[in-house]
Structures are given as structure tokens and as C-alpha cells.
Amino acid sequence: MTQRICLIILVVCLGLMYPLVTGIFMDKLASKKLCADDDCVYTISLARAEEDYNAPDCRFINIKKGQLIYVYSKLVKEKESGEFWAGSVYGEQYEDQMGTVGYFPSSLVSEQHVYQEANKTVPTTDIDFFCE
């Protein structure tokens, strides 16, 4: 009986040591972001890519010229960092990428329609830069 309990405890402990979700926390690109609401869930604007962009790592999304992107937050530029926005691609021809949220340089897009003003300054968290 005690061996069975020890075995169960061992299995539970091993399960806790190996997380179900694997990923990596990447360096933060900024400490603050601008959003339309406190939780950064509402769409700020719809932007169109003016040129292609190949994501350098998993924090970013690939965009193609002409592609529409929903913008959810705008990182507050710090020191010599670039100005990045967070969004997801839009459109049927990009269906395989829809729902994937990532960062892209704001200089490569033009806002087509503003839904809500990004007037809430919110601190970024580690999860904002988490890669699966």
C-alpha cells in the first residue's frame, strides 16, 4: 500500500515538473502599450501593409503587401527601439494566419479605419512576449 502511495506521489511530482504548455518568454520590446481598453482586447484600427515583412522571431507576424491587419495595441517606443504594433492578419486568402497575434513595425502599415482611440496606457507583461 505504501509503495502505491509513493508511486502516485512520484508521478504527480514528475507531472508538476513538466508543464503542459511549453514555450519561452522572450525579451520585452517595451514596458508599456497603448490600448482602447484596460485589457487590450478591443480592436483599435484596421491597417493595410504597405510592404512585406518577414518576422525575425516568434513574437512577430509575417505580413504581405496589401494585407489587412487588425491592430489591438501599440507599444510605447523606448530609447532606440523600433515602434511596433500588435495585431492579427485579416482576410480569406490569409485564413491560415488569422487569429495569430504578433508584432510588426508600425512604419510598414497605414491605418485604414480607426475604430477606437488608443488612449489607455497599460503596462506590458511577460505574457505579451511569450512564444509557443
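Val109 is buried, because its relative accessible area is 10% and the cut-off for buried is under 20%. The model is predicted. Val109 sits in strand S7, which covers residues 109-114.

What does Val109 touch, leaving out residues up to four places away in sequence? Its contacts are Ala47, Arg48, Ala49, Glu50, Ile63, Ile69, Trp85 and Phe104. Glu51 is 58 residues from Val109 along the chain, yet their C-alpha atoms are separated by 7.6 Å.

**The nonpolar core**

Val109 also belongs to a wider group. The largest nonpolar core has 20 residues. Val109 is among those with the most contacts inside this core, along with Ile63, Tyr103 and Phe104. Four strands give two or more residues each: S3 (45-49), S4 (68-75), S5 (84-90) and S6 (101-105). Strand S5 supplies the largest share of the core, 4 residues. In soluble globular proteins, nonpolar side chains tend to be buried together.

Ile63 has its own set of contacts, again not counting residues up to four places away in sequence. Ile63 touches Ala49, Glu51, Asp52, Tyr53, Ile69, Val89, Phe104 and Val109. The link between Ile63 and Val109 thus appears from the Val109 side and from the Ile63 side. Ala49, Ile69 and Phe104 are listed for Ile63, and these three are listed for Val109 too.

**The disulfides**

How many disulfides are there? The count comes to 2. A disulfide is a covalent bond between the sulfur atoms of two cysteines. In sequence order, the bonded cysteines of the chain pair as 1-2, 3-4. The table sets out both links.

| Disulfide | S to S distance | Angle about the S-S bond | Handedness |
|---|---|---|---|
| Cys35 to Cys40 | 1.8 Å | 75° | right-handed |
| Cys58 to Cys131 | 2.0 Å | 100° | right-handed |

Which parts does the pair of Cys58 and Cys131 tie together? Cys58 lies in the loop between S3 and S4, and Cys131 lies in strand S9 (residues 130-131), so this pair ties together parts that are 73 residues apart in sequence.

Are Cys35 and Cys40 buried or exposed? Both Cys35 and Cys40 are buried. The other pair is mixed. Cys58 counts as partly exposed, because its relative accessibility is 44%. Cys131 counts as buried, because its relative accessibility is 2%.

Technical notes
Residues are numbered from 1 along each chain as its sequence is written. This is a predicted model: local features need pLDDT of at least 70, side-chain atom pairs count only at pLDDT 80 or more; totals for chains, interfaces and linings use all residues. Side-chain values use heavy atoms; hydrogens and water are left out. A nonpolar core is a set of buried Ala, Val, Leu, Ile, Met, Phe, Trp, Tyr and Cys residues joined through side-chain atoms within 4.5 Å. Buried means under 20% relative accessible area, exposed over 50%, partly exposed in between (1.4 Å probe, protein chains only). Contact means heavy atoms within 4.5 Å. A disulfide is a pair of cysteine sulfur atoms within 2.5 Å.
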